[in-house]
Number of protein chains: 2
Amino acid sequence: RASLPHRSMMVTMSQNQSYWSSINADIEAHLKQAIPLRPPLQVFEPMHHLVFAAPQNPAPALCIAACELVGGHRDQAMAAASTLHLMHAASFTHQQLPLTDRPRPKSRPTIHHAYGPNIELLLGDGMIPLGFELLARSDDPAQNNSDRILRVTIEIARAIGSQGMVEGQYYELECPQSEGEELCDIGWIEQVCKKKEGELHACGAACGAILGGGSEAEIEKLRRFGLYVGTIQGMLHGAGKLEKGVMKVVEELRNLALKELEEFKGGKVEAISSFVNV
Amino acid sequence: RASLPHRSMMVTMSQNQSYWSSINADIEAHLKQAIPLRPPLQVFEPMHHLVFAAPQNPAPALCIAACELVGGHRDQAMAAASTLHLMHAASFTHQQLPLTDRPRPKSRPTIHHAYGPNIELLLGDGMIPLGFELLARSDDPAQNNSDRILRVTIEIARAIGSQGMVEGQYYELECPQSEGEELCDIGWIEQVCKKKEGELHACGAACGAILGGGSEAEIEKLRRFGLYVGTIQGMLHGAGKLEKGVMKVVEELRNLALKELEEFKGGKVEAISSFVNV
């Protein structure tokens with residue numbers, strides 16, 4: 001019967017869907033508990049709001065999935081995944097700020113500003129250290145994981161900083177964009193997406209593998225997998241989303257991404273593979 | 001002879017001066033080496049500029065002085081001190097951003113904007129993770145200091161975040177200020193300075209003591225000493241600088257600060273005491 005493969009693919013997709021949903025629900029629960037509404041409420045209430053108002057980003061879930069793929073337990077990567085969401089939320093918040101010299105890139109969604117720009121600037125500045133605090137606090141003498149936590153701290157600092165997201169945003173500023181017109185070539189757009197979205201996802205996957213006890217080879221494979229997945233994200237939903245020729249590049253990136261998973265074994269391979277279609 | 005006490009005080013002051021100068025020179029040298037002009041140059045060149053353009057802040061030097069006071073070696077606190085300068089520079093950079101709803105507080109100096117606001121927002125966002133990266137990289141297996149580094153990471157994250165500097169800046173926004181008029185009472189100003197400048201200095205002193213191997217009692221004494229020193233800084237040079245009644249509060253804070261040093265012994269006590277007069 002011709003409907004069987006289709007049906008089994010639907011089942012697989014829905015299984016993967018529930019895998020992601022369960023990961024995302026766990027990250028959200030962890031964040032809610034990690035950012036309680038504590039004093040000063042004037043600061044924490046809006047921070048809480050902005051952390052959860054930021055659109056979901058696959059990098060935190062990828063961190064958990066990579067940890068589980070190499071045989072680790074979800075809890076080992078939970079703090080790092082939460083930190084990645086905070087970094088993404090901080091960046092998202094700062095990208096919305098109305099600055100006097102800011103053009104509006106196509107990739108920037110229009111959001112409702114619940115608070116003034118001054119407050120949103122400050123809250124973004126508060127989320128970044130909160131992320132590093134959460135991560136450092138996940139140090140657990142019983143697990144003897146200090147070295148892994150410090151390594152992941154360096155990974156995340158680089159991915160969000162001047163050799164990762166900040167660098168990508170910098171490049172994006174240099175590319176004049178206006179609605180309907182195509183002013184940057186597709187290679188340039190891919191470069192922006194690699195830095196802006198790719199590095200955070202590469203970092204997420206590598207950190208998950210580090211925390212889950214993966215080998216150096218596994219860590220590097222998952223880092224490259226994450227880089228492709230994040231670049232696809234940027235091409236489809238970020239700087240590249242209205243560009244011509246995107247789908248061809250995305251297809252190439254999907255193949256490259258899946259190649260990185262070839263040597264992994266076990267039931268989680270299929271689930272993490274589905275990230276190329278997120 | 002009546003001139004003797006005066007003369008010996010001058011000698012002491014100049015000795016302390018050279019102590020601070022040598023600390024600050026060491027921090028600057030460490031930062032210059034830690035932030036090389038590496039690719040992408042478009043990002044690193046302006047970041048380099050803004051890191052060193054930020055006015056000097058006593059919190060990093062206090063970190064080194066506290067480390068030496070408890071018997072540690074300067075090198076043990078050098079990365080943390082450099083991180084504190086980066087955090088101060090990031091905050092300083094963001095405080096200069098022209099935002100649409102931003103009043104100009106008296107405490108905010110007018111600076112020349114070498115780069116556009118967009119770039120300055122991004123560079124501030126890049127300096128914070130760079131600071132955490134520097135700190136995490138100072139982890140040294142030979143010293144077995146991972147636990148101290150992680151503890152200091154949490155200290156710095158809190159001091160610069162929503163329970164420290166960010167909270168203070170938040171309160172500052174709530175206090176309407178206009179040139180020549182006094183709209184906030186001195187107690188409120190003291191509270192703002194405690195959060196905005198006090199917490200960073202408290203953190204600096206506590207981190208120096210942690211990294212230098214001080215006892216818990218020494219760490220807490222130095223934390224309180226730093227809190228008073230930082231609040232004095234804010235009262236004299238920050239939010240409080242044009243308020244009436246500041247000098248009386250400053251005098252009280254100086255006495256409280258010096259009380260915290262009473263049980264410390266050795267040649268470095270005098271040098272760190274002089275911080276109350278910075």
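**View 1. The left-handed crossing of helix H6(A) and helix H5(B) in a predicted model.** H6(A) and H5(B) cross with left-handed geometry, and the model shown here is predicted. Helix H6 covers residues 146-160 of chain A, and helix H5 covers residues 117-137 of chain B. Their axes lie 8 Å apart and form an angle of about 155°. H6(A) is therefore roughly antiparallel to H5(B), since angles over 145 degrees count as such.

**View 2. Residues in contact between H6(A) and H5(B).** From H6(A), the residues that take part are Leu150(A), Thr153(A), Ile154(A), Ala157(A), Arg158(A) and Ile160(A). They meet Pro129(B), Phe132(B), Glu133(B), Ala136(B) and Arg137(B) of H5(B). Of the residues in this contact, seven are nonpolar, one is polar and three are charged.

**View 3. The relation between chain A and chain B.** A turn of 180° with a shift of 0.0 Å along the axis lays chain A on chain B, with an RMSD of 0.0 Å. This is therefore the relation of a two-fold axis. Both copies use the same surface, as 100% of the contact residues of chain A recur in chain B.

**View 4. Helices H4(B) and H6(B) within chain B.** Helix H4 (residues 74-95) and helix H6 (residues 146-160) of chain B have axes that come within 11 Å and cross at roughly 20°. The two helices are therefore roughly parallel to each other, and the crossing of H4(B) past H6(B) is right-handed. Gln76(B), Ala80(B), Thr83(B), Leu84(B) and Met87(B) of H4(B) meet Arg148(B), Val152(B), Ile156(B) and Ile160(B) of H6(B). This contact comprises six nonpolar residues, two polar residues and one charged residue.

Terms used:
Residues are numbered from 1 along each chain as its sequence is written. Chains are lettered from A and ligands numbered from 1 in the order in which they are written. This is a predicted model: local features need pLDDT of at least 70, side-chain atom pairs count only at pLDDT 80 or more; totals for chains, interfaces and linings use all residues. Side-chain values use heavy atoms; hydrogens and water are left out. Axes are lines fitted to C-alpha atoms, for helices over the stretch in contact, and angles run from 0 to 180 degrees between N-to-C directions. Helices (H or I, at least four residues) and strands (E, at least two) are DSSP runs, numbered from the N terminus. Angles under 35 degrees count as roughly parallel, over 145 as roughly antiparallel, 65 to 115 as roughly perpendicular and the rest as oblique. A crossing is left-handed if the near helix is turned anticlockwise from the far one by less than a right angle, and right-handed if clockwise. Contact means heavy atoms within 4.5 Å. Ala, Val, Leu, Ile, Met, Phe, Trp, Tyr, Cys and Pro count as nonpolar, Asp, Glu, Lys and Arg as charged, and the others, Gly among them, as polar. Copies are superposed by least squares on the C-alpha atoms of residues with pLDDT of at least 70 in both.
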